[in-house]
Amino acid sequence: GASRLMATREQFVAAVRSFVRTRVGHMGRTPGAILDCAGVIVCGLRACGDIVEDVVYGQVPSASVARANAQRLAVEVTSPGLGDVGISVFHDEACHYVVNVGNGLGVHARVGNGRVSEEPLDSMRVVSWWKLRCVDG
């Protein structure tokens, strides 16, 4: 679903970075309590005042589902800008979302340490980048 307001890239990144250290859990949508990789994006947009329709998905990673959900909210780009969303490889599937927060860093729901984390993008095996339609700039 389309959003009705335009967040700036900086507003979206500030919201996403505020979620760092939140516990990770499937379908998590509660900043400060529990988020998953899609929840970081959905809740980041909602924190900026955007109205984002959510989707339900299974616990088994799926590249086709990750790409379909990205296409619903974003347009694919060749190089990442601030606030753009990457799809990275997780368990041999291109199914995990990460947000480019600048300076070569990304925020994502890191299953390995059970927390939303900010880490170098070059360690995340990003295979495609997406600009959110509801983020300005």
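Here are three short exercises on this predicted model, each with a worked solution.

**Exercise 1.** Which residues touch the most other members of the largest nonpolar core, and which element gives the largest share?

*Solution.* Start with the core itself: it has 31 residues, and Phe-12, Val-40, Ile-41, Leu-45, Tyr-97, Val-99 and Leu-132 touch the most other members. Next, go through the elements that give two or more residues: helices H1, H2 and H3, plus strands S6, S7, S8 and S10. H2 (37-47) comes out on top, with 7 residues. Now zoom in on Leu-132: leaving out residues up to four places away in sequence, its contacts are Phe-12, Ile-41, Leu-45, Leu-73, Ala-74, Gly-83 and Val-85.

**Exercise 2.** Arg-17 and Asp-36 each take part in a salt bridge. Who are the partners, and are the residues buried or partly exposed?

*Solution.* Take Arg-17 first: it pairs with Glu-118, with the closest N and O atoms 2.7 Å apart. That bridge ties helix H1 to strand S9, across 101 residues of chain. Arg-17 has a relative accessible area of 42% and Glu-118 has 28%, so both fall between the 20% and 50% cut-offs and are partly exposed.

Now Asp-36: its partner is Arg-29, also at 2.7 Å, N to O. Asp-36 sits at 7% and Arg-29 at 16%; buried means under 20%, so both qualify.

**Exercise 3.** Where is Val-111, and what is it in contact with beyond its neighbours within four places in sequence?

*Solution.* First, place it: Val-111 lies in the loop between strands S8 and S9. Then check its contacts outside that sequence window: Val-24 and Phe-90.

Key. Residues numbered from 1 in each chain as written. Predicted model: local features only at pLDDT ≥ 70, side-chain atom pairs only at ≥ 80, totals over all residues. Heavy atoms only, no water. Contact = heavy atoms within 4.5 Å. Core = buried A, V, L, I, M, F, W, Y, C linked by side-chain atoms within 4.5 Å. Buried < 20%, exposed > 50% of the residue type's maximum accessible area, 1.4 Å probe, protein only. Salt bridge = Lys/Arg side-chain N within 4 Å of Asp/Glu carboxyl O.
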